[in-house]
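Please open the model in a viewer with a selection panel at hand. The tour below proceeds stop by stop, stating what to select and what is found there.

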Amino acid sequence: MFDLEEIKRYAPFCVSCLGRSVGLVGFGLDNRERGLEMINLIDISNNSNIENEMICDSDDCNICDGLIGEIDNFIDLSCESISDYSLDTFKIGTVVDKEIIKIESEFAAIFGTNLFESIKSQLNREIGIGVYQKLNLSARLDRPDSTIIIDTRYDTVNLEIKSIFIEGKYNKFDRTIPQTYWPCRKCKGRGCKSCNGSGLLYPDSVQSLVAEPFMKVTNSTENLFHGMGREDIDAAMLGFGRPFVLELRMPKNRKIDLGYMKKEINAVNEGRIRVRDLEIVPRARVAELKNTVCDKSYRVDVSIPEGLTIESLKNGAQRLKEKLVKQRTPTRVAHRRADLIRPRIVQSVNILSFNQGMVELEIRAQHGTYIRELVSGDMGRTVPSFSSLVDGACKVEVLDVLNLHLENEEETK
Ligand SMILES: [Zn+2]
Ligand SMILES: [Zn+2]
């Protein structure tokens, strides 16, 4: 029934490796038990005694080269690798020498079945069970908190910890801080004299004010701040706020009291920034956020020539309502953007207040509209413009984002 000579060519081997070669045939037994059954089967049909002649400990096994006997060691390595992290779920992966994988499939072929279990599968399963029993964490194949990859060739562990993603919206009232970390130009973030070793051109940013408390609580190694677009440094972000996702990398602690964090951040940064609607989200939200575009409303203080009347301002504002405007790439961004003419729809322009030499406007326009140029005309590069319609040179002095008009979001508190 079995070719003893063929089998002998691979001897000695361990019981587990013998059992694994028919591993998927019978369910409910582990590979060692299957191995013992196989010994019986082979000996009965061949009138042989392979237990004495061919079976050995894993240490001397020609198939697994000792790996099966190392499972307890791999369990310890795995537990140790995550001992600093508070996690709920994990997954085990293993890297196994190609030669071992080749030999085990050749060996399994003798028994005429392709139903052998791979050594990686056995290792992953049994190490997983061991970790579960020791640390009481659940094994989970789909998006676990941690993936422990054991390189069995060198007894090293490569640990992957799932990032934490926190979505929310922010307001920015401080017109001196950028949205994200802004590295020092001189040292490019390494830290030098002119940035006091901080590596930053601006010591604070929306990112730093929001992320630092989370970094502390979760003990993460770094963070990324994904905003749905951004406003200029000198622009406030008002209204319902701008959506963002904060990504915390390699967090040691995953338990976060979002309500408490929100209160803390808002109390410490009162008058500068505020966050709201914080929730834990999947990674996919980052791309969704990046791909979302919407109309925006702005509040702008505009300087106007003396003598320009409220009537002509009203008239100019009215003529921009639902108007298609053509904007050639502004000179101020021409160094980094292609020179194109971009058509943009202006929904509305409303006059909020009017003073001698000054008008306050609320402008709602399609995403990507250059508001400063819409007002100034940018030397004729934006047509028509508020300046051309009121027949006087107007200039944005202060620009704030009032709102992002996301679908169904205008009702949120
Ligand atoms: Zn073996
Ligand atoms: Zn520097």
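Begin with S3 and S4, which form a hairpin with four residues between them. Within that turn, select Asp-155, whose phi is positive at about 55°. This is a predicted model, and each stop should be read in that light. The two strands of the hairpin run antiparallel and are joined by six bridges. To see one pair across the hairpin, select Thr-147, which stands opposite Glu-160 in S4.

**The sheet around the hairpin**

Extend the selection to the open sheet of four strands, whose order is S2-S1-S3-S4 and whose pairing is mixed. Its edge strands are S2 (138-139) and S4, each of which pairs on one side only. S1 and S2 are joined by two bridges and pair in the parallel sense. Phe-90 marks this pairing, with Ala-139 in S2 as its bridge partner. Strands of a sheet pair through backbone hydrogen bonds, either parallel or antiparallel, and it is therefore helpful to display backbone atoms at this stop.

Next, select Arg-143 in the loop between S2 and S3. Arg-143 is not a glycine, yet its phi is positive, at about 50°. Most residues other than glycine have a negative phi. Is Arg-143 buried or exposed? Its relative accessibility is 52%, so it counts as exposed, the threshold being over 50%.

**The helices that lie across the sheet**

Now add H5, residues 71-81. This helix lies across S1, S3 and S4 and runs at about 140° to S3. Its buried residues are Ile-71, Phe-74, Ile-75, Leu-77, Ser-78 and Cys-79. What covers these buried residues? The cover includes helix H3 (31-46), strand S1 (89-95), helix H7 (119-135), strand S3 (146-151) and strand S4 (156-161). Select H7 as well: this helix lies across S1 and S3, at about 145° to S1.

**The zinc ion, ligand 1**

Move to the zinc ion (ligand 1) and display its protein donors, the SG atoms of Cys-14, Cys-17, Cys-61 and Cys-64, which lie 2.2 to 2.4 Å from the ion. Along the chain these donors follow the spacing C-x2-C-x43-C-x2-C. Because the four donor atoms subtend angles of 103 to 122° around the zinc ion (ligand 1), the arrangement is tetrahedral. Cys-61 and Cys-64 are both buried.

From here, select Ser-16 in helix H2 (residues 15-20). Ser-16 counts as buried because its relative accessibility is 3%, under the 20% cut-off. Beyond its sequence neighbours up to four places away, Ser-16 touches Asn-31, Arg-32, Ile-68 and Gln-122. Then select Pro-12, in the loop between helix H1 (4-8) and H2. The peptide bond from Ala-11 to Pro-12 is cis, with omega near -5°.

**The annotated C-terminal span**

Select residues 165-403, which the unreviewed UniProt entry annotates as "domain: Pus10-like C-terminal". This span is 22% helix and 35% strand, and its end C-alpha atoms lie 23 Å apart.

Inside it, display the zinc ion (ligand 2) with its protein donors Cys-184, Cys-187, Cys-192 and Cys-195, whose SG atoms lie 2.3 Å from the ion. The donor spacing along the chain is C-x2-C-x4-C-x2-C. Why does the arrangement around the zinc ion (ligand 2) count as tetrahedral? The four donor atoms subtend angles of 102 to 112°, and the arrangement is therefore tetrahedral. Ideal angles for four tetrahedral donors are 109.5 degrees. Colour the donors by accessibility: Cys-184 is buried at a relative accessible area of 3%, whereas Cys-192 is partly exposed at 21%.

Continue to Met-250, in the loop between strand S7 (237-249) and helix H9 (258-268). Met-250 is not a glycine but has a positive phi of about 50°; with a relative accessible area of 25%, Met-250 is partly exposed.

Go on to Pro-330, in the loop between strand S10 (323-328) and strand S11 (341-355). Pro-330 is buried, at 0% relative accessibility. Leaving aside residues up to four places away in sequence, its contacts are Tyr-370, Glu-373, Asp-378 and Arg-381.

The final stop is Pro-384, found in the loop between strand S13 (382-383) and helix H13 (386-390). The peptide bond that leads from Val-383 to Pro-384 is cis, with omega near -15°.

Notes: Residues numbered from 1 in each chain as written. Chains lettered and ligands numbered in written order. Predicted model: local features only at pLDDT ≥ 70, side-chain atom pairs only at ≥ 80, totals over all residues. Heavy atoms only, no water. Buried < 20%, exposed > 50% of the residue type's maximum accessible area, 1.4 Å probe, protein only. Contact = heavy atoms within 4.5 Å. Donors = N, O, S within 2.8 Å, 3.2 Å for Na, K, Ca; no water. Tetrahedral: all angles 85-135°; square planar, octahedral: opposite > 155°, others 65-115°. Pairing = 2+ DSSP bridges. Axes fitted to C-alpha atoms, helices over the stretch in contact; angles between N-to-C directions. UniProt positions renumbered as here; feature names shortened; annotations may be inferred.
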